[in-house]
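This briefing sets out selected local features of the structure shown below. The points are grouped by topic for a reader who has the coordinates at hand.

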Amino acid sequence: MIEIRWHGRGGQGAKTASLLLADAAFNTGKYIQGFPEYGPERMGAPITAYNRISETPIRVHSNIYEPNYVVIVDDSLIGSVNVLDGLKDDGAILINTNQDISTLREKLGNYTGRLYTIDATKISRELLKANYPNTAMLAAIVHIADIMSKDELLREMEGSFKHKFVRKPEVIAPNMEAVRRGFDEIVGG
Amino acid sequence: MSIRERLSGNEAVATAMKQINPDVVAAYPITPSTEIPQYFSNFVANGSVTTEFVPVESEHSAISACIGASAAGSRVMSATSSQGLALMFEMLYIASGLRLPIVLIVANRALSAPINIHNDHSDSMGVRDAGFIQLYCESNQEAYDNTVMAVKIAEKAKLPVMVCYDGFITSHSVENITLMENEEIQKFVGTYKPEEYLLDETRNISMGPLDMQKYYYEHRKDIADGMREAKVIIEEVSEEFAKVTGRKYDLYEKYKLDDAEIGIVVLNSTAGTAKDVVDSLREKNIKAGLLKPRAFRPLPYNELPNELKHLKALAILDKSDSVNGYCGPLFSEITSAMYSSGINVKTVNYIYGLGGFDVKADDILEVYNNLQEIAKTGKVDKTTYYLGLEDGGEK
């Protein structure tokens, strides 16, 4: 079973991203859970969301304390939220950022485990002309956690965008490009 | 045919309601059950149900509208949580007293004060004596299945039914689920044909007039008898459901209990976490087991002691507190049933997860560790623990 913890800020769509990831994994035949930790939600306040993805039915119903992967949608959370808490030794962290790996390692208390970055905000700004980093983040975590192949992901996302943007078909192509770039433009290891 | 889907608990229940297509739904939104009237009003607006949706101004009015519609002869459903259920309190007794088969969905949430929107079972446990059948659900699948079965159980038992599942943990978590086809559900629930109803133009009746002492007493005994007989009805409806879906439900679920030496009784979503813990203990040759009540009303008072009597130590977990200076409701009722059956098992009570305080596998493991100690020494240090808050636990 793969366990993923998302860190974001209210309004940035970390919850939506966790639900999209659950959807994509579900469509490839997996058992899934996608759930946010509901706190006193406010725009900009730190929020947490979770995913479990498994080949067998999932019975556990608690939050995730020892994730395989941590995904950080907003790099300003580093330092104010203990994003590494419980992360498995062989786990990995994925950060949406334009900072370089060595700077981030330092900010994470000289963290030496697997660390990946993706500039999902830049990808989104270039392609969608707005800050919706979810799509590229989703593709990046699918790649890192090896949840499905790139072809499977593209097929899944295309289906989901066609459904979601039925009245705005012009945004399907740039969103698909964001998926491709999110999958391909990961830095680190 | 079944449909593979992924839905949150609230989506699953709203979908069941859509497929049931009841005559009337009256509801007032409250977290975490808000999504149910929200989704359902969409179904009404886009014509996928023919239900009369009554958007009322409070939960007291919601259940009152349900009572009126049900007395008139309609198939009726509603949904609520927490303070909403508390506000319904006086009307709940009227629903059951008039023997109205209303299905009330309860996404369980803590009661104020302090204000808290998260899950525990204080709301439905607080109305446990209101004459509603209560079915508890571990997962979105069980919430969906019990919603479908509740309609039939209510109409056969002539008692209202609450379908209870954990707020947020189940209501807002997206998980895999297997749905039934619309036609399967329509065939399963059938057409509601009330024996007596106010809009029956062939027969003039009144409902809810004054009872003098003896009639009142007799009528209250009728309700108690109806609840007792509901056990068989739940079993029959569940049997019929299993024939359609292959999913078999009893009054309670046993997990590796028959050869267990230590066991816990726990409701709803925590039972899933506890099953994983049972498996991990079994790998170490520790004979742990679990019993998850599905029906708390009616209480399987004969069956439960019989299932638990072979244990060396038992913990009954309560996600609500009776604030009686002693224990929680599940503990007091099950140990009472055990005493009446002459069963003497060393039993402790754990209050847990109030206000949504997360329950981890390690917390459940702590309970089983205590039970191993009790089984070994035969000594019970104290009856009631507060899981996660013992020894100055983290708050």
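**Backbone geometry in the loops**

In this predicted model, B:Val323 is found in the loop of chain B between strand S13 (313-318) and helix H12 (329-340). Its backbone departs from the general pattern: B:Val323 is not a glycine, yet has a positive phi of about 45°. Most residues other than glycine have a negative phi, and most peptide bonds are trans. The points below cover further backbone exceptions, then a loop threonine, two helices and an internal cavity.

*Positive phi values*

- B:Val323 is exposed, because its relative accessible area is 71%, over the 50% cut-off.
- B:Lys256, also not a glycine, has a positive phi of about 50°.
- The loop that holds B:Lys256 runs between strand S9 (252-255) and strand S10 (262-265) of chain B.
- B:Lys256 counts as partly exposed because its relative accessibility is 37%, which lies between the limits of 20% and 50%.

*Cis peptide bonds*

- B:Thr31 and B:Pro32 are joined by a cis peptide bond, with omega near 0°.
- B:Pro32 belongs to the loop between S2 and H2 of chain B.
- The peptide bond between B:Arg297 and B:Pro298 is cis as well, with omega about -5°.
- B:Pro298 lies in a loop of chain B, between strand S12 (295-297) and helix H11 (303-308).

**B:Thr34 and its loop**

- B:Thr34 sits in the loop of chain B that links strand S2 (24-27) to helix H2 (35-45).
- A polar atom of the B:Thr34 side chain lies 3.1 Å from the backbone nitrogen of B:Thr31.
- With a relative accessibility of 27%, B:Thr34 counts as partly exposed.
- B:Thr34 and B:Ser171 are 137 residues apart along the chain, while their C-alpha atoms are separated by 9.9 Å.

**B:Asn140 in helix H7**

- B:Asn140 is part of helix H7 of chain B.
- B:Asn140 is buried, because its relative accessible area of 2% falls under the 20% cut-off.
- The side chain of B:Asn140 places a polar atom 2.8 Å from the backbone oxygen of B:Leu7.
- Leaving aside residues up to four places away in sequence, B:Asn140 touches B:Leu7, B:Ser8, B:Gly9, B:Ala12, B:Thr170, B:Glu175, B:Asn176 and B:Ile177.

**The two sides of helix H8**

- Helix H8 of chain B spans residues 182-189, and B:Ile185, B:Phe188 and B:Val189 are buried in it.
- The buried residues of H8(B) fall within an arc of 85° when seen down the axis, so they line one face of the helix.
- B:Glu183 and B:Lys187 are exposed on the other side of H8(B).
- Elements of chain B that cover the buried residues of H8(B) include helix H1 (9-20), helix H7 (140-157), strand S8 (174-180) and helix H9 (213-245).
- B:Gly190, just after H8(B), takes a positive phi of about 65°.

**Internal cavity**

- Rolling a probe the size of a water molecule over the atoms shows where empty space is left.
- One cavity of 30 Å³ or more is counted.
- The largest cavity holds about 30 Å³ of space.
- The largest cavity is lined by B:His121, B:Met125, B:Leu267, B:Leu317, B:Asp318, B:Lys319, B:Ser320 and B:Leu330.
- This lining comprises four nonpolar, two polar and two charged residues.

How values were computed: Residues numbered from 1 in each chain as written. Chains lettered and ligands numbered in written order. Predicted model: local features only at pLDDT ≥ 70, side-chain atom pairs only at ≥ 80, totals over all residues. Heavy atoms only, no water. Helix = DSSP H or I, 4+ residues; strand = E, 2+ residues; numbered from the N terminus. Buried < 20%, exposed > 50% of the residue type's maximum accessible area, 1.4 Å probe, protein only. Polar contact = N/O pair within 3.5 Å; in protein donor to acceptor, adjacent residues only side chain to side chain. 1 Å grid on protein atoms, 1.4 Å probe; cavity = no way out; pocket = protein on both sides within 12 Å on 5 of 7 lines; lining within 4 Å. Points joined across faces, edges and corners; volume = space filled by probe spheres on them. Nonpolar A, V, L, I, M, F, W, Y, C, P; charged D, E, K, R; others polar. Arc of directions from axis to C-beta. Contact = heavy atoms within 4.5 Å.
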